[in-house]
Amino acid sequence: MSVANHKKYIDGCAELGIESVVVDDGWENWAQTEKEANGRDKWAMLKELVEYADSKNVNIWVWRPSSPRYGNRSDIGLVDPEERASFMAKCAEIGVKGLKIDFFHTENLFTVRLMEEILKDAAKEKLMVIFHGINKPAGESFKYPNLLAKEAVRGLECVGGESSWAPGPAWPFHNFHNTVLPFTRWLAGPADYTPLNFRAFCPEAVTFTHQLASIYMFTSPMLILAADMEDMLKCPGRRFIEEVPVVWDENYVLPESKIGNLAAIARRKGDIWYLSVLNGEQEKSVSLNLNFLPEGKYKMVIAYDKGRKEILMDTKTIKSKKSLNIKLLSGGGYLARFERI
């Protein structure tokens, strides 16, 4: 959580074309944890980071809990109106672009009202917001367009927490889970799944290409990637990370999709189509109809699995109205980019 490590991530984002870095839990303790604080407070160091990011054309968002946390005396949350207004004014003053507010956990009347007060105060300071640890969307973005997404999903961060802070099914379940979510949770609105991970602890249940394809499946106007910077920079499918849209012009569910078994969705941005495929538990061969493509001949850029933890890239040409035959590993994935020749 050091300032130096954030600068490393800013540098990587500038290289990849990623727009923002989220400064997560711990930044408010920088006055105590930074060896080179030299008497500066957290705001002075955050301002330094914002200015560094601005020089690289990268935005800074900051994380903050919504409420006081048990055993944590350094952060009283945003329940108090004066504290909330002061915090947001200071963020806006030093150039922070958005807030990731966490730990709501319930949807009682007090919490829903707190959520709305946070959105109102953020809007006054022209700050964007994403809510984590919260209930599913209920149309709030129509009234508060500065709200970009709400978590409300059992996402990638739950890996390893099945027996402790995130009780629930172990990760082998998620190759099924990930083929269900696009047709259930995403109907309510964008989520903060925090997809993408290529670390050694990435569960064997899903492949690295499944991970890559998930950033085209689990869409959000604030798409927060959970991957380590080194892994993104050296990923064979790096171009898909560099160019993933966050707002789409058209979406098409392929009829071969089957909830809990296979999720295949094509999305268009401008003249480019992308096809994201996530497989469930059973290894299979599938034939996908490409009738979503307008008439013509296309260059395909493809990412597919070679084993569970290796992504291979390929290019080919294909005509519209044809079928695409692919083999999928258990928990495997497939990702393709179509550009008309």
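Start by selecting Glu-83 and Arg-64: their side chains meet in a salt bridge, with N and O 2.7 Å apart. Keep in mind as you click around that this is a predicted model. Glu-83 sits in helix α4 and Arg-64 in strand β2 (residues 59-65), so this pair links distant parts of the chain, 19 residues apart. Now colour the two by accessibility. Glu-83 comes out partly exposed, because its relative accessible area is 24%. Arg-64, at 2%, counts as buried.

Next, add Glu-28 and Lys-42 to the selection. Together with Arg-64 and Glu-83 they are linked in a network of salt bridges. If you want to go hunting for others, a search of the whole structure finds 26 salt bridges.

**Along α4 to α3**

Stay with α4 (residues 81-94) and show α3 (residues 42-55) as well. How far apart are their axes, and at what angle do the helices pack? The axes are 9 Å apart and the angle is about 40°. That makes α3 oblique to α4. The crossing is right-handed. To see what makes the contact, put sticks on Trp-43, Leu-46, Lys-47 and Val-50 from α3, then on Phe-87, Lys-90, Cys-91 and Ile-94 from α4. Of these contact residues, 6 are nonpolar and 2 charged, with no polar ones.

**From α3 to α1**

Keep α3 on screen and bring in α1 (residues 3-16). Here the packing angle is about 15°, with 10 Å between the axes. Angles under 35 degrees count as roughly parallel, and α1 is therefore roughly parallel to α3. This crossing, too, is right-handed. On the α1 side, select Val-3, His-6, Lys-7, Ile-10 and Asp-11; on the α3 side, select Met-45, Glu-48, Leu-49, Tyr-52 and Ala-53. Sorted by class, the contact of α1 with α3 has 6 nonpolar, 1 polar and 3 charged residues.

**Two bridges from one loop**

Jump to the loop between α7 (174-180) and α8 (208-217), and pick Asp-192 there. Its side chain meets that of Lys-100 in a salt bridge, at 2.8 Å from N to O. Lys-100 belongs to strand β3 (residues 98-102), and the two partners are 92 residues apart. Is Asp-192 buried or exposed? With 1% relative accessibility, Asp-192 counts as buried. Lys-100 is buried as well, at 7%.

Slide along to Glu-204, also in the loop between α7 and α8. Which residue does Glu-204 form a salt bridge with? Select Arg-308: the closest N and O atoms of the pair are 3.7 Å apart. Arg-308 lies in the loop between β10 (297-305) and β11 (311-319), 104 residues from Glu-204. As for accessibility, Glu-204 is partly exposed at 48%, and Arg-308 is partly exposed at 24%.

**Last stop: Ala-303**

From Arg-308, move to strand β10 and centre on Ala-303. Buried means under 20% relative accessible area, and Ala-303, at 0%, therefore counts as buried. Leaving aside residues up to four places away in sequence, show what Ala-303 touches: Thr-209, Leu-212, Phe-240, Ile-311, Leu-312, Met-313, Tyr-334 and Leu-335. To finish, draw a C-alpha to C-alpha distance from Ala-303 to Gly-333, which is 30 residues away in sequence and 8.5 Å away in space.

Terms used
Residues numbered from 1 in each chain as written. Predicted model: local features only at pLDDT ≥ 70, side-chain atom pairs only at ≥ 80, totals over all residues. Heavy atoms only, no water. Axes fitted to C-alpha atoms, helices over the stretch in contact; angles between N-to-C directions. Helix = DSSP H or I, 4+ residues; strand = E, 2+ residues; numbered from the N terminus. Parallel < 35°, antiparallel > 145°, perpendicular 65-115°, else oblique. Left-handed = near helix turned anticlockwise from the far one by under 90°. Contact = heavy atoms within 4.5 Å. Nonpolar A, V, L, I, M, F, W, Y, C, P; charged D, E, K, R; others polar. Salt bridge = Lys/Arg side-chain N within 4 Å of Asp/Glu carboxyl O. Buried < 20%, exposed > 50% of the residue type's maximum accessible area, 1.4 Å probe, protein only.
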